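Student: Please take one part of this structure and go through it closely. I would like a connected account of how that part sits among its surroundings.

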Amino acid sequence: MKRSRLSYDEWKCIVSKKLKGKHINSDFFRGYIGLVEIEDVSEKQIWRFNEQDIIVCDKGRKWLSILPKNDFYCITAMMNEKNEILLWYIDMIAGQGIDEEDVPYFDDLYLDLVVYPDGTIKVDDVDELEQALVKKDITQEQFELAICTSEKLKSGLLRDIGKFREYTLKCFERISS
């Protein structure tokens, strides 16, 4: 199982970035909200969807991280320079914490949901999840946790794309203020 830090160090194409984050404990949200402002990249990262290219990593892009406490997913909203959401990338996770450098992290359960602004949801990396189970990198319980969490998100938080967008922008306001 891979441990991912919310500093996104694994994105080697990011040459420089600004990071900020805070723990929120309110009626609206309990957990960590972080923001990565990408200042420079060695190479743009482009994802293709519905015959369109979406630049997810480039100078001026922002990544908003939403990591709810006591839950098993982490949302990354990839935004452009105008703070418009280009897409959401949601990792199913086994757990979360804060490392010795005070950076929040999560233990990635391989399965992801990619959510597009039109409400389309793409389930990603099911094959990686299944391989991890076969290789015994994860337990049967963790496999089921990933599947159940993704289903819960699709039938709950992601069911109404307008409300999900509002939720995301409210989180963005909290970290931007």
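Tutor: Asp58 is placed in the loop between β5 (52-57) and β6. The model is a predicted one. Asp58 counts as buried because its relative accessibility is 15%, under the 20% cut-off. Leaving out residues up to four places away in sequence, Asp58 touches Ile38, Val41 and Lys44. One of these, Val41, belongs to a nonpolar core of 23 residues that also includes Cys57, Leu67 and Ile93.

Arg61 is in the loop between β5 and β6 too. Arg61 is buried because its relative accessible area is 10%. A polar atom of the Arg61 side chain lies 2.8 Å from the backbone oxygen of Ile55. Beyond four places in sequence, Arg61 touches Val36, Glu37, Ile38, Ile55, Val56, Met79, Asn80, Glu81 and Leu86. Ile38 is thus named among the contacts of Arg61 and among those of Asp58.

Asn80 takes the account on to the loop between β7 and β8. With a relative accessibility of 10%, Asn80 counts as buried. Outside its neighbours up to four places away in sequence, Asn80 touches Gly60, Arg61 and Leu86. The C-alpha atoms of Asn80 and Ile55 are separated by 8.6 Å, although the two residues are 25 residues apart along the chain. Within its own loop region, the Asn80 side chain reaches the backbone nitrogen of Lys82 at 2.9 Å.

The strands come next. β6 and β7 run antiparallel and are joined by 5 bridges. Trp63 stands opposite Met78 of β7. These two strands form a hairpin with 4 residues between them, and Asn70 in the turn has a positive phi of about 60°. On its other connection, β7 is joined to β8 by 7 bridges, again in an antiparallel arrangement. Tyr73 has Met92 of β8 as its bridge partner. β7 and β8 likewise form a hairpin, here with 5 residues between them, and Asn83 in that turn has a positive phi of about 65°.

How many of the residues of β7 are buried? The count is 7 of 7. In a regular strand the side chains alternate between the two faces of the sheet. In β7, Tyr73, Ile75, Ala77 and Met79 are on one side and Cys74, Thr76 and Met78 are on the other, and both sets are buried.

The largest nonpolar core has 32 residues, and those with the most contacts inside it are Leu64, Ile75, Trp88, Ile90, Met92 and Phe164. At least two residues of this core come from each of β3 (30-41), β6 (62-68), β7 (73-79), β8 (85-98), β9 (104-115), α1 (126-134), α2 (140-155) and α3 (161-176). α3 gives the most, with 6 residues. Nonpolar side chains in soluble globular proteins tend to be buried together. Leu64 shows the surroundings at one point of this core: apart from neighbours within four places in sequence, Leu64 is in contact with Ile33, Gly34, Leu35, Ile75, Thr76, Ala77, Met79, Thr168, Cys171, Phe172 and Ile175. Among these contacts, Ile75, Ala77 and Met79 are on one side of β7 together with Tyr73. Met79 is also touched by Arg61, which leads back to the loop between β5 and β6.

The largest pocket holds about 320 Å³ of space. Of the 18 residues that line this pocket, Lys2, Glu10, Trp11, Tyr89 and Asp91 are the closest to its centre. β1 (2-5), β7, β8 and β9 each supply at least two lining residues. β9 gives the most to the lining, with 4 residues. β7 therefore contributes to the lining of the pocket as well as to the largest core, and its residues count as buried under the 20% cut-off.

Two tyrosines have backbone angles worth checking on the model. Tyr8 is in the loop between β1 and β2 (14-25), and its phi is near 55°, a positive value in a residue other than glycine. Tyr8 counts as buried, at 7% relative accessibility. Tyr110 lies in strand β9 and has a phi near 75°, also positive. Tyr110 counts as buried as well, at 17% relative accessibility.

Methods: Residues are numbered from 1 along each chain as its sequence is written. This is a predicted model: local features need pLDDT of at least 70, side-chain atom pairs count only at pLDDT 80 or more; totals for chains, interfaces and linings use all residues. Side-chain values use heavy atoms; hydrogens and water are left out. A nonpolar core is a set of buried Ala, Val, Leu, Ile, Met, Phe, Trp, Tyr and Cys residues joined through side-chain atoms within 4.5 Å. Buried means under 20% relative accessible area, exposed over 50%, partly exposed in between (1.4 Å probe, protein chains only). Contact means heavy atoms within 4.5 Å. Two strands pair if DSSP finds at least two bridges between them. A polar contact is a pair of N or O atoms within 3.5 Å; within protein, one must be able to donate a hydrogen and the other to accept it, and residues adjacent in sequence count only if both atoms are side-chain atoms. On a 1 Å grid over the protein atoms alone, a cavity is a set of points where a 1.4 Å probe fits but cannot get out, and a pocket is an open set with protein on both sides within 12 Å along at least five of seven lines; lining residues have an atom within 4 Å of a point. Grid points are joined across faces, edges and corners, and a volume is the space filled by probe spheres set on the points.
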